[in-house]
Number of protein chains: 2
Amino acid sequence: MSNNKVQPRIMPGFMELLPEDQIAFNRMFETIRRVYERYGFLPLDTATIELSEVLLAKAGGETEKQIYRFQKGDTDMALRFDLTVPLARYVAQHAGELAFPFKRYQMSKVFRGERPQKGRFREFYQCDIDVIGVDSLDIVYDAEMPAVIYNVFKELAFGAFTIRMNNRKVLNGFFSALGYADKIGDILRTIDKLEKIGREAVEKELGEFGVAEADIAKILSFLAIRGENDAVIEALRAQDVDNELYRAGVEELATVVAYLRRFGVEESAFIIDLTIARGLDYYTGTVFETMLNDYPSMGSICSGGRYDSLAGYYTDQKLPGIGISIGLTRLFYQLKENGLVPPSQASLARCLVIPMGEAQMDAALAAATTIRGAGIPADVYYQSKGMKQKMKYAAKIGVPYAAIIGEDEANAGTVMLKDMNTGEQRAVLVAELPDAVR
Amino acid sequence: MSNNKVQPRIMPGFMELLPEDQIAFNRMFETIRRVYERYGFLPLDTATIELSEVLLAKAGGETEKQIYRFQKGDTDMALRFDLTVPLARYVAQHAGELAFPFKRYQMSKVFRGERPQKGRFREFYQCDIDVIGVDSLDIVYDAEMPAVIYNVFKELAFGAFTIRMNNRKVLNGFFSALGYADKIGDILRTIDKLEKIGREAVEKELGEFGVAEADIAKILSFLAIRGENDAVIEALRAQDVDNELYRAGVEELATVVAYLRRFGVEESAFIIDLTIARGLDYYTGTVFETMLNDYPSMGSICSGGRYDSLAGYYTDQKLPGIGISIGLTRLFYQLKENGLVPPSQASLARCLVIPMGEAQMDAALAAATTIRGAGIPADVYYQSKGMKQKMKYAAKIGVPYAAIIGEDEANAGTVMLKDMNTGEQRAVLVAELPDAVR
């Protein structure tokens, strides 16, 4: 390379794929979208760049540090760092024009200037659904959300998965009853680390927060409640916790479990797990995480929950909602690392039409037009190269069929159709090509 | 609104749509993508943020001024302003891993900090296809490109359109033969304005560039050659122009016209127009513009052409190619302004299932699951409101069918299916719902 060339490269923390992986990625993307749409979620595509004042109305701490923020002219602007703040802004801005409950999906890139590390991205797709009500939002939506997720991961078919559910009212009520209402934040943060740092470290940390030893035992035995969903609900009802919020949360869990069954979600796919807390302030009711059973190290691949107020920073209107998010870029990376992305060909075409020479170009175009006319992707190799190179190209892009047209085939209105996997060849009438390659 | 609220808003020059328009936009997007894929183009999704050094390797002038560029830590980065520079960088970076000819499509947002004005956007979708060869790229691709565009606009169905074609070799050869080889840039820029500023202004400007009066007449009569495509080609062949490049360009035009017919493109949809020049340096052969016949004021809605060297700033490899681009955000805006976007409902669901009361929720879920099981989007109204409000919601989202379930229907395993357009109602078995609402 001569010295005056710029080295073609991208920055660390940005994902770019070769065609075969991009095709596999897009298949996942479309599967998620298809399920979202089937459940009546509406597409939304917000601006990538927003006013910093608007985007950061609520933010602080880490978010503020990670955001890509810049001036252009006199305007202070920034790239969106999630899809929830833009949704809040959009709903507040257009409340008069939307029908509520407003169900929207958005599958777009978001941007966070994190320190790049393995499996963390600075630019990544989030695939979000949220339902927003005005003043109130029925509990059935708390079951519809995991039902959607259930169908997404069923169709993605990466193996057995479990949706783990909890309810923040149960946790908040339980801790308030023990007299730790002011320490819920610290306690939940510590509990969130139970799987990561282990029981002993959690006990120690809780002690440091001033939780009495007897209460630590109570807390940990409470959090260890496990079993069939109905048994867990009975155990929660039987707990000696004198707190209304707690009681309300348990009944919400019971209602969600009952509705999940009616949504046709298999019992093996969802489980109540009292250790799920999902951060601090935002969520107020049902919360979810989703794990691939055989790959716990991947962590939660889809999370979310119920919140009381979506857009408090923009409007006085009370807008309760529930949402979930799949971080698709990271998920794709993890699936790929674990060999779970099914191999894809480097072509979308079902058939590559190959004219032996220029004299067969007309016949080749006619054949390709016939296949495409049936809505099936097809390609033609137009370059005037030797037959060997043409077949090498077909093999390289991994197209399932090659339709070779020489003089005889052109005269007979046929192609020599080669199955690129088995190597088998047979003469096929051009009119029958769509069925032969479909 | 209380004083401590941030006003929810976006910046001028950014397009955000309400659900009914977003649905219409997405339909156009998917139509374009489907046709691109049918012709064997591969998906590509490059990074939104790139190193400024890489992104601006070739840029200058207006581009440099419009770009969104910023520092994060020590890194000088910028948002992509088109999809061609990222393609060049990607191909140079991954040349060893790609199969050539490399056919890719990318349909992504690009960013330009232009002064906002009616119909100009700072963040907009480009829908690009390009074919890149190594060392050479067959002329058939020059016909495949307009064939793809023909099929795109046929399927978008916004009315009659014309693909206007020219060849830069014809223009360059013609002007060189007249002795204006060093003024081609100025002359072509002026010619590009023929439709905008008119013949007289063009004559005056050409005179100012030192074009002799006799030559101005020759140039303008040359550019006025019009007619059936074959007649234009004969007229071009008959011209007394002693220049090899000119002759080569005319034969390329003739070849592209012949191939377009073989691709099944209607003769009425493409025309040779010698006034099409498409900018200055980049294009070297076939060039295109596309107009809606009844809306000439919209200007070109899809443009592109052949270039000799895609990635000269990144690699010494010769990478000739041909590409076209649809500026979808601007096109959507223009179509909408002209009343050409077909009205869409504000819902993707074909049917809204409405339980009369909570007792019918189970039956409602079963009905929705049945419809969704057939792959048809459906929604359920879960909120406990009065029947009137439920029907108002159905009307507001514009769903074609409402499936109302009261006690009788739940017991009979039926729904009262209301056609929301005609108002007609009839009892339908739940099992037959998918066919009834499809």
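1. A residue is called buried here when its relative accessible area is under 20%. By that cut-off, A:F174 and A:F222 are both buried. The model discussed in this note is predicted.

2. Aromatic pairs number 35 over all chains. One of them joins A:F174 and A:F222, which are stacked with 3.8 Å centre to centre and 10° between the planes. A:F174 belongs to helix α6 (residues 168-177) of chain A and A:F222 to helix α10 (residues 213-223) of chain A, so this pair ties together parts 48 residues apart in sequence.

3. In chain B, B:Y90 and B:F102 also form a stacked pair, at 6.3 Å centre to centre and with 25° between the planes. B:Y90 sits in helix α4 (residues 84-94) of chain B and B:F102 in strand β5 (residues 102-111) of chain B, twelve residues apart. B:Y90 has a relative accessibility of 1% and counts as buried; B:F102 is buried as well, at 2%.

4. Other aromatic features deserve a mention. A:F25, A:F29, A:Y125 and A:F332 make up one aromatic cluster. A:R262 is placed over the face of A:Y259, 4.5 Å from the ring centre. Between chains, B:K72 lies over the face of A:Y68, 5.5 Å from the ring centre.

5. There are zero disulfides over all chains. For A:C302, the closest cysteine sulfur is that of A:C127; the two sulfurs are 9.4 Å apart, which is too far for a bond. B:C302 is likewise in no disulfide, with the sulfur of B:C127 the nearest, 9.5 Å away. A:C302 is buried, its relative accessible area being 2%, and B:C302 is buried with a value of 2%.

6. Helix α15 of chain B (residues 387-397) has a buried side. Its residues B:K390, B:M391, B:Y393, B:A394 and B:I397 are buried. These cover an arc of only 150° around the axis, and therefore lie on the same side of α15(B). They pack against β12 (351-355), β14 (401-405) and β15 (414-419) of chain B. The face turned away from the buried side carries B:K388 and B:K392, which are exposed. Just after the helix, B:G398 adopts a positive phi of about 70°.

7. A last point concerns an acidic residue, B:D21, in helix α1 (residues 19-38) of chain B. B:D21 counts as buried because its relative accessibility is 16%, against a limit of 20%. With neighbours within four places in sequence set aside, B:D21 is in contact with B:F332 and B:K336.

Note on methods: Residues are numbered from 1 along each chain as its sequence is written. Chains are lettered from A and ligands numbered from 1 in the order in which they are written. This is a predicted model: local features need pLDDT of at least 70, side-chain atom pairs count only at pLDDT 80 or more; totals for chains, interfaces and linings use all residues. Side-chain values use heavy atoms; hydrogens and water are left out. A disulfide is a pair of cysteine sulfur atoms within 2.5 Å. Buried means under 20% relative accessible area, exposed over 50%, partly exposed in between (1.4 Å probe, protein chains only). Helices (H or I, at least four residues) and strands (E, at least two) are DSSP runs, numbered from the N terminus. The arc is that of the directions from the helix axis to the C-beta atoms. Contact means heavy atoms within 4.5 Å. Rings of Phe, Tyr and Trp (its six-membered ring) pair if their centres lie within 6.5 Å; planes under 30 degrees apart count as stacked, over 60 as edge-to-face and the rest as tilted. A charge sits over a ring if NZ of Lys or CZ of Arg is within 6 Å of the ring centre and within 35 degrees of the ring normal.
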